[in-house]
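Here's a quick tour of a protein chain, going from its overall build down to a few residues. Have a look at the structure before reading on.

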Amino acid sequence: GEVFALLGPNGAGKTTIVEIIECLKKANKGEVKVFGIDIQNVKKQVEVKKKIGVMPQNFNAFDWLTVRENLEYFRDIYGSNRSVKELISLVGLNKKKDSLYKTLSGGLKQRLGIAISLINEPELLFLDEPTAGLDVELRHELWDLLKKINKEGKTILLTSHYIEEIEALCKTVCIIHKGKILSLGKKEYIMGKLS
C-alpha cells in the first residue's frame, strides 16, 4: 500500500531491476519473489503478470488512436471489465478523450500511460521514471495523480533520479548504483543520510 522508490543516476540498474521483477528479463543470480511467487519458475510468472501494471520508461501508445480508443484496445487485450470512462476521469483526461495520442503533450501522454497500466486493476504498479523529461509543473501534476492512486490502495514501485520526487511521493527508498544497493530504508532516514 505504499510508494517504494528505486533512486539512482542514469545507468544505475533501476530499469533492469524493475524489468526482472516484471518478468521481462531473467536474473543472472539471486532470487526474486513477487506476491510470494518465485519468478524463476516461468510457469508461475503468469500469476504475477496478472497482478501487476506496468508503465515502461519510454511509454508509447498508438498515435492514430484516441485516448479512449487506446484504453479500449488495452482493456480488450487484458479481457478487463474496468470502465474506460472511469480511468479517463481518474487520470484527468476527460477533455482529451477524443484526441489522438500523437497530439497530446508529454504530461498527458504519461497520464494515458498510467491509465493503461491500471486497466487490469493491478495490485502492484510499476512506473519507470514516470516524470522524466517533464517540466516542473507537469511533474507536480503527475505527482498529485500518483498520490491519488496510492490513496486508493495501489502499491507503487517507481524509479527516479529526482530526489524531490522521492521526497514528495515515497515512504521507502532504495538507492542503487551500478546494480548494487547503497542504502535502503524509510525516506526520512535515507534523506537524512543524503543531507
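What follows covers the fold, the surface, the cysteines and one leucine.

**Overall build**

Keep in mind that this is a predicted model. The secondary structure adds up to eight helices and eight strands. If you lay the chain along its principal axes, the C-alpha atoms fill a box of roughly 45 × 40 × 30 Å. How does the radius of gyration fit with a compact globule? For 195 residues, such a globule would come out near 16 Å, and the chain has 17 Å, so the two agree.

Contacts tell us something about how the chain folds back on itself. Take those with a separation of 6 or more: 65% of them link residues 24 or more positions apart.

**Inside and outside**

Of the 195 residues, 47% are buried. On the outside, the chain exposes about 10500 Å², and 51% of that is supplied by carbon and sulfur atoms. As for charge, there are 31 positive and 25 negative ones, and the mean positions of the two sets lie 3 Å apart.

**The cysteines**

How many disulfides turn up in a search of the whole structure? The count is zero. C23 is in no disulfide, and its nearest cysteine sulfur belongs to C174, 19 Å away. C170 isn't in one either, with the sulfur of C174 again the nearest cysteine sulfur, this time at 11 Å. A disulfide here would need the two sulfur atoms within 2.5 Å, so the 19 Å for C23 rules it out.

Are C23 and C170 buried or exposed? C23 has 8% relative accessibility, so it counts as buried. C170, at 4%, counts as buried too.

**A closer look at L112**

L112 sits in helix α5, which spans residues 106-117. Its relative accessible area is 0%, so L112 is buried. Which residues does L112 touch, once its neighbours within four places in sequence are left aside? The contacts are F59, A61, V67, N70, L71, L93 and Y101. K44 is another story: the C-alpha atoms of L112 and K44 are separated by 29 Å, with their positions 68 residues apart along the chain.

Here are the three buried residues side by side.

| Residue | Relative accessibility |
|---|---|
| C23 | 8% |
| C170 | 4% |
| L112 | 0% |

Notes
Residues numbered from 1 in each chain as written. Predicted model: local features only at pLDDT ≥ 70, side-chain atom pairs only at ≥ 80, totals over all residues. Heavy atoms only, no water. Helix = DSSP H or I, 4+ residues; strand = E, 2+ residues; numbered from the N terminus. Rg over C-alpha atoms; globule rule 2.2 N^0.38 Å. Buried < 20%, exposed > 50% of the residue type's maximum accessible area, 1.4 Å probe, protein only. Contact = heavy atoms within 4.5 Å. Areas by Shrake-Rupley, 256 points an atom, 1.4 Å probe, with all protein chains shown as cover. Lys, Arg positive; Asp, Glu negative; His and termini not counted. Charge placed at Lys NZ, Arg CZ, Asp CG, Glu CD.
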